[in-house]
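Here are some short exercises to work through with a viewer open. Try each task yourself before you read its solution.

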Amino acid sequence: MKSIIETLPASRCYLCGAYGALEKHHIFGGNPNRKWSEKYGLTVHLCPYCHRDNKHGVHSDPTVADHLHKIGQRAFEKNYSREEFYHVFGRYYLEEGEEGGRS
């Protein structure tokens with residue numbers, strides 16, 4: 001499924017806006033969440049630095065990963081409920097009262 005977060009084809013890094021080679025990032029990784037990210041369109045394109053850098057990339061920096069997790073949950077909740085998000089991904093990333101989409 002195409003991303004529900006960004007317009008495809010992506011031409012810039014979702015995080016820093018850099019042009020150039022981009023890599024598809026599944027917002028919720030691991031097994032089976034990577035598959036669910038693909039199914040629900042919870043992907044963004046990142047430059048190699050934002051994706052894989054050992055200190056600042058999304059796979060190494062929990063702050064960056066949490067930022068994208070919250071964006072992903074908000075996007076999911078525009079079409080599904082918060083309870084459905086929990087059923088699919090097994091946890092919440094938004095705090096109680098933080099805006100999502102549908103309830």
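**Exercise 1. Place Lys70 and list its contacts.**

Lys70 belongs to helix H3; helices (H or I, at least four residues) and strands (E, at least two) are DSSP runs, numbered from the N terminus. Before going on, note that this is a predicted model, in which local features need pLDDT of at least 70, side-chain atom pairs count only at pLDDT 80 or more, and totals for chains, interfaces and linings use all residues. Residues are numbered from 1 along each chain as its sequence is written, and side-chain values use heavy atoms, with hydrogens and water left out.

Step 1: take the accessibility. Lys70 has a relative accessible area of 21%, so it is partly exposed (buried means under 20% relative accessible area, exposed over 50%, partly exposed in between, with a 1.4 Å probe and protein chains only).

Step 2: look for contacts, meaning heavy atoms within 4.5 Å. Leaving aside neighbours within four places in sequence, Lys70 touches Tyr93, Leu94 and Glu98.

Step 3: compare sequence and space. Lys70 and Glu96 are 26 residues apart in sequence, and their C-alpha atoms are 12 Å apart.

**Exercise 2. Work out how the buried residues of helix H1 are arranged.**

Step 1: pick them out. H1 covers residues 33-40, and Asn33, Ser37 and Tyr40 are buried in it.

Step 2: look down the axis. The buried residues of H1 fall within an arc of 80°, so they line one face of the helix; the arc is that of the directions from the helix axis to the C-beta atoms. As background, an α-helix has 3.6 residues a turn, so residues three or four places apart point the same way.

Step 3: find the partners. These buried residues pack against strands E1 (23-26) and E2 (43-46), and against helices H3 (62-76) and H4 (82-89).

Step 4: zoom in on Asn33. Its relative accessible area is 16%, so Asn33 is buried. Beyond its neighbours within four places in sequence, Asn33 is in contact with Phe28, Val88 and Phe89.

Step 5: check what follows. Just after H1, Gly41 has a positive phi of about 75°.

**Exercise 3. Describe the largest nonpolar core.**

Step 1: apply the rule. A nonpolar core is a set of buried Ala, Val, Leu, Ile, Met, Phe, Trp, Tyr and Cys residues joined through side-chain atoms within 4.5 Å.

Step 2: count and rank. The largest such core has 21 residues, and Ile5, Phe28, Leu42, Phe76 and Phe89 have the most contacts inside it.

Step 3: assign the contributors. E2, H3 and H4 each supply at least two residues of this core, with H3 giving the most, six residues.

**Exercise 4. Decide whether the cysteines are paired or unpaired.**

Step 1: apply the cut-off. A disulfide needs two cysteine sulfur atoms within 2.5 Å, and the structure holds zero disulfides.

Step 2: inspect two cases. For Cys13, the nearest cysteine sulfur is that of Cys16, 3.7 Å away. For Cys47, the nearest is that of Cys50, also 3.7 Å away.

Step 3: add accessibility. Cys13 is buried at 4%, and Cys47 is buried at 9%.

**Exercise 5. Classify the ring pair of Phe85 and Tyr93.**

Step 1: recall the rule. Rings of Phe, Tyr and Trp (its six-membered ring) pair if their centres lie within 6.5 Å; planes under 30 degrees apart count as stacked, over 60 as edge-to-face and the rest as tilted.

Step 2: apply it. The centres of Phe85 and Tyr93 are 6.2 Å apart and the planes stand at 80°, so the pair is edge-to-face. Both residues are buried.
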